[in-house]
Amino acid sequence: MSHTFGTTSTSFALDFPLTQREQHANRAVAARRPRTRRRVKVVPPPPSVPAAGERANYPAIQSNL
């Protein structure tokens, strides 16, 4: 524990020691490679006109002949 008194403020610091398990977990996290920004997947818009050789998905039209 430490404390500091100033003319306009007072501060206190409390230090809590880590358990062995917490120290091990902290080392494992610190050793990880930093992540790069996640790349955004570009999804093409659906085609408005069928490609060559594909059928158009139009609603069925029935004739009354």
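Helices and strands here are DSSP runs, numbered from the N terminus. By that reading, the protein chain has 1 helix and 2 strands. The model is a predicted one.

**Stop 1: the whole chain.** Show the protein chain as a cartoon and follow it from the N terminus. The order of elements is β-β-α. Now switch on the surface. About 7800 Å² is exposed, and carbon and sulfur atoms supply 55% of that area. What share of the 65 residues counts as buried? The figure is 0%.

**Stop 2: the hairpin.** Select residues 2-5, which make up strand 1. Then add strand 2, residues 10-13. The two strands run antiparallel, and 4 bridges join them. The hairpin that links strand 1 to strand 2 passes through 4 residues. Pick out two facing pairs. Thr4 has Ser11 of strand 2 opposite. Phe5 has Thr10, also in strand 2, as its bridge partner.

**Stop 3: the aromatic pair.** How many aromatic pairs does a search of the whole structure find? It finds 1. Select Phe5 and Phe12 to see the pair. The ring centres lie 6.4 Å apart, with 85 degrees between the planes. That makes the arrangement edge-to-face, because the planes are over 60 degrees apart.

Are these two rings on buried or exposed residues? Phe5 is exposed, because its relative accessibility of 59% is over the 50% cut-off. Phe12, at 55%, is exposed too.

**Stop 4: the nonpolar patch.** Keep Phe5 and Phe12 selected, and add Met1, Leu14 and Phe16. Together these five residues form a nonpolar patch on the surface. Their combined accessible area is about 710 Å².

Zoom in on Leu14. Where does Leu14 sit? Its place is the loop between strand 2 and helix 1. Leu14 has a relative accessible area of 54%, so it counts as exposed.

**Stop 5: the helix.** Select residues 20-31, which form helix 1. Put a distance between its end C-alpha atoms: they are 16 Å apart. Why does that agree with the expected span? At 1.5 Å a residue, the 12 residues of helix 1 should span 16 Å, so the two values match.

Finish by colouring helix 1 by accessibility. Helix 1 is hardly covered. Among its 12 residues, the count of buried ones is 0.

Notes. Residues numbered from 1 in each chain as written. Predicted model: local features only at pLDDT ≥ 70, side-chain atom pairs only at ≥ 80, totals over all residues. Heavy atoms only, no water. Patch = residues over 30% accessible without salt bridge, like charges linked within 9 Å, V, L, I, M, F, W, Y side chains within 5 Å. Areas by Shrake-Rupley, 256 points an atom, 1.4 Å probe, with all protein chains shown as cover. Salt bridge = Lys/Arg side-chain N within 4 Å of Asp/Glu carboxyl O. Buried < 20%, exposed > 50% of the residue type's maximum accessible area, 1.4 Å probe, protein only. Phe/Tyr/Trp six-rings, centres within 6.5 Å; stacked < 30°, edge-to-face > 60°. Pairing = 2+ DSSP bridges. Expected span 1.5 Å × (residues − 1).
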